[in-house]
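Work through the exercises below with the sequence and the coordinates open. Each task is followed by a solution in steps.

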Amino acid sequence: MLMSEMREGDSATVVKIGGNGALRRRIQEMGVLKGTRIQVEKYAPLKDPLELIVKGCHISLRVEEAAQIKVEVSG
Amino acid sequence: MTVAEQTEKQLTIALAGNPNAGKTSIFNHITGTRQKVGNWPGVTVEKKEGHVRKEGRDLRIVDLPGTYSLTPFSIEEIVARNYILDENPDVVVVIIDASNLERSLYLATQIRELDCRVVFALNMADVARTRGIKIDADKLAELLDLPVVFTVGNKNEGIDALLRKAIELAESDHTPHQQRKVKYNKDLEKAIAAVQKVVVADLGDELPYAARWTAIKLVEDDKIVKERLLEKPTELSRQAFEEAARQRQLLMERFDEEPEILTTDERYGFIAGIIKEVHMTAIQQRVDISRNIDLVLTNRFVGFPIFILFIWAMFQATFTFGEYPVAFIETLVGGLSSGVNSILPDSLFKDLILNGVIAGVGSVIVFLPNILILFFCIAIFEDTGYMSRSAFLMDKIMHLIGLHGKSFIPMLMGFGCTVPAIMATRTLESEKDRILTILITPFMSCSAKLPVYIVLAGTFFGARAGTVIFSIYILGIILSIVTGRLFRSTLLKGVDAPFVMELPPYRVPMVKSLLIHMWDRSRIFLKKMGKIILLGSIVIWALTAFPRHVNFSMDYDAEIQGAIQKYDAYRPVSGKEMQQGLEARRDQEVNSLKAHKAAERIEQSYIGRLGKWVTPVFEPIGIDWRGGVALLTGFVAKEIVVSTMGVLYAVDDEPDALERALASSTLTPLAAFSMMVFVLLYLPCLSTVAAIRRETGSYKWMTFSIVYTTSVAWVVSFIVYQGGRLLGYA
């Protein structure tokens, strides 16, 4: 599924990061890599952007950007 | 080394690190108040530098922009990387958030790849410790072959040790060993080696950077490095580019990924290996106060109300508490001018000092308290970490205009005063976002324009004045949205800056850093604005005061004398009560004569002539030469529009005199509305123009803003006035 489809509190593992090169690289540089465990902490009150927890850091992404990331929900 | 030799030595130490890693507090502790804030050449990124003496050396400390990587996407990253590459600082201190080792090491690894001398500061060691994170510093130092020091930046711990290590390393002949570098996978290494061979063979001594690093960057298709190589004879770099393109093609076929994605992956792999050896505990989730605070502050239901409350409080503090010191400063300025008035004899020089310098600079310096308070509030927002939450909340709305969530605060401040609003755009990281925000902020109707609306709307719209003024504000907001969307899709296309933003843990701000923050920005306001405003005020004064000799339509001085004598003649024969009535009538007559004299003098001054000369421009939008002159003088400050109209319509000091004069003039309600529209939109005041010049770092954007706002003002007023006439309004 896509990261943008995850609900608050869900955890998942990143499978593939799509999108243009700049976006992909920026997401990677913030520590979101293939195989990284992520958790969706919450969506903003207007449903966009969303807040992720990655390696203990809190990072916000726009929903359209999260829609470029494929994840596998586990447990 | 002798003492003399030691003192000659100046070492440059650059501080690098992630945003929120505590770089600023370390910088503040090292340099204290002896710091210089400026801009990096050619860009609007803030550059901070400080000089200190430690261990007998002069240290120049340069604070590089906070970045997550050295990939040249943002202007900050380019600035940081170019500084290290081109200026060759003696040591680069990388400040690492110890509680966030993995991500911090990404930047650190990239810096190490630049072949410079690096010291690691494992900062916020105390936070890491309380979270159960233990880092084996000796092991880290050994693995990466560089000195590692624990620091607690906000408590000033470990800073001396850090500087000692940095000096030690700078004066050693230590060069990083090749085998301590990031090793990429076999295919990548093969590609790098192939490109490196061509690079060395063709460019050899001409090479501006280390060969391996250049090869890696060519494989990554790094734009800046390519540009730099193109400065060399093209024949030579062409070969290298071709080889790099070939290797990239091979890698893409093999891995189905761009090589720069592969190298990022590999660097993180290298980091993971280090983490395994030095990190004692698995990274836990943030189960701390910060997360709980966020449950409230970015809550679905109360997040926005709380945000609005904070913004309201900031507004109140800035523009209400600011009033008290403003009144005080106004009294001071008033005292100064009456002092000058009584000391100096009447002369041109006195006029210049009083009406040019003191009035001009005084009208700007009264903003200082507001600016100090505003920047203090913004510093609190930034230093606590709330600023990124406000961007998180507002991003959806701002994104519709093509802006970043952080643009909201500057735009909102624009309703108060455009100058601090434009200075508040510094919180935006992307230069494009910043320039776009600067270009549309002047359309947020500032408080100085309000007196103009009140006079015009109050005179011509009576009970509907409130609605009319409200519609003016709405018009400004609509035009800012239109402008935002227009520029985002044309001049300032912003596809390259994704909204990937860290929400750092909340922190209790340090008073010292809040004060430094506030003072830095206010000082810039005073210094730079001061010069331009002084100059501008003098020019406007000169245009108003010259030519000195005016051919009045009658001898006003004689008339005034005559009026006084006429009333004085009655004095002996009248009773006390009657005398008071006579005096009042005398004063009225004298004041009216004086006002007419002043009106005639400004009509014939250069600015009056200028106003008449530009009448053809203002006529189609329903503004006569008086309005034109008032608008021209409004360039100094918008409030002046009202006082100039007062002078031009020759009104005296009585309340509502201007309103009555306007009502009996040829001005129609439609023309008044057109003028209000023009005042809303036309060129920003002198202080704002100075701020735009400063914050965009270029005359180009300043000129663009002046031309754009004034053109929009004219076109919209034209549509309003001519359209209104077609519809039958007069």
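The exercises treat a predicted model and cover a helix, the nonpolar cores, a sheet and the contact between chains.

**Exercise 1. Helix α34 of chain B**

Task: Compare the span of α34(B) with the expected value, then find which of its residues are buried and what they pack against.

Solution:
- Step 1. Helix α34(B) runs over residues 699-726, which is 28 residues. From first C-alpha to last it reaches 40 Å, close to the 40 Å expected at 1.5 Å a residue.
- Step 2. The buried residues are B:Met702, B:Ser705, B:Thr709, B:Val712, B:Ala713, B:Ser717, B:Val720 and B:Tyr721.
- Step 3. An α-helix has 3.6 residues a turn, so residues three or four places apart point the same way.
- Step 4. The buried residues of α34(B) pack against four helices of chain B: α21 (431-440), α23 (465-489), α32 (669-681) and α33 (686-696).
- Step 5. Just after the helix, B:Gly728 has a positive phi of about 100°.

**Exercise 2. The nonpolar cores**

Task: In the largest nonpolar core, identify the residues that touch the most other members, and the element that gives the most residues.

Solution:
- Step 1. The core holds 173 residues, and those touching the most other members are B:Val93, B:Val94, B:Ile96, B:Ala121 and B:Met676.
- Step 2. Helix α32(B) gives the most to this core, 11 residues.
- Step 3. Domain 1 (3-180) and domain 2 (186-278) of chain B each supply at least three residues to this core.
- Step 4. With neighbours within four places in sequence left aside, B:Met676 is in contact with B:Tyr453, B:Leu456, B:Ala457 and B:Ile472.
- Step 5. A second, separate core has 17 residues, including B:Ile192 and B:Leu229.

**Exercise 3. The sheet and the contact between chains**

Task: Give the strand order of the open six-stranded sheet, locate its edges, and describe the side of chain A that touches chain B.

Solution:
- Step 1. The order is β5(A)-β1(A)-β2(A)-β3(A)-β4(A)-β8(B), with antiparallel pairing.
- Step 2. The edges are β5 (69-73) of chain A and β8 (501-502) of chain B, each paired on one side only.
- Step 3. Strand β4 (57-61) of chain A pairs with β8(B) over two bridges, and A:Ile59 stands opposite B:Glu502.
- Step 4. In total, 29 residues of chain A are in contact with 33 of chain B.
- Step 5. On chain A, α1 (21-29), β3 (50-54) and β4 each give two or more residues to this side, and α1(A) has the largest share, nine residues.
- Step 6. By class, that side of chain A has 13 nonpolar, six polar and 10 charged residues.

Notes:
Residues numbered from 1 in each chain as written. Chains lettered and ligands numbered in written order. Predicted model: local features only at pLDDT ≥ 70, side-chain atom pairs only at ≥ 80, totals over all residues. Expected span 1.5 Å × (residues − 1). Buried ≥ 20, exposed ≤ 12 C-beta atoms within 10 Å, placed from the backbone. Contact = placed C-beta atoms within 7 Å. Core = buried A, V, L, I, M, F, W, Y, C linked by C-beta atoms within 7 Å. Domains from an automatic or database assignment. Pairing = 2+ DSSP bridges. Nonpolar A, V, L, I, M, F, W, Y, C, P; charged D, E, K, R; others polar.
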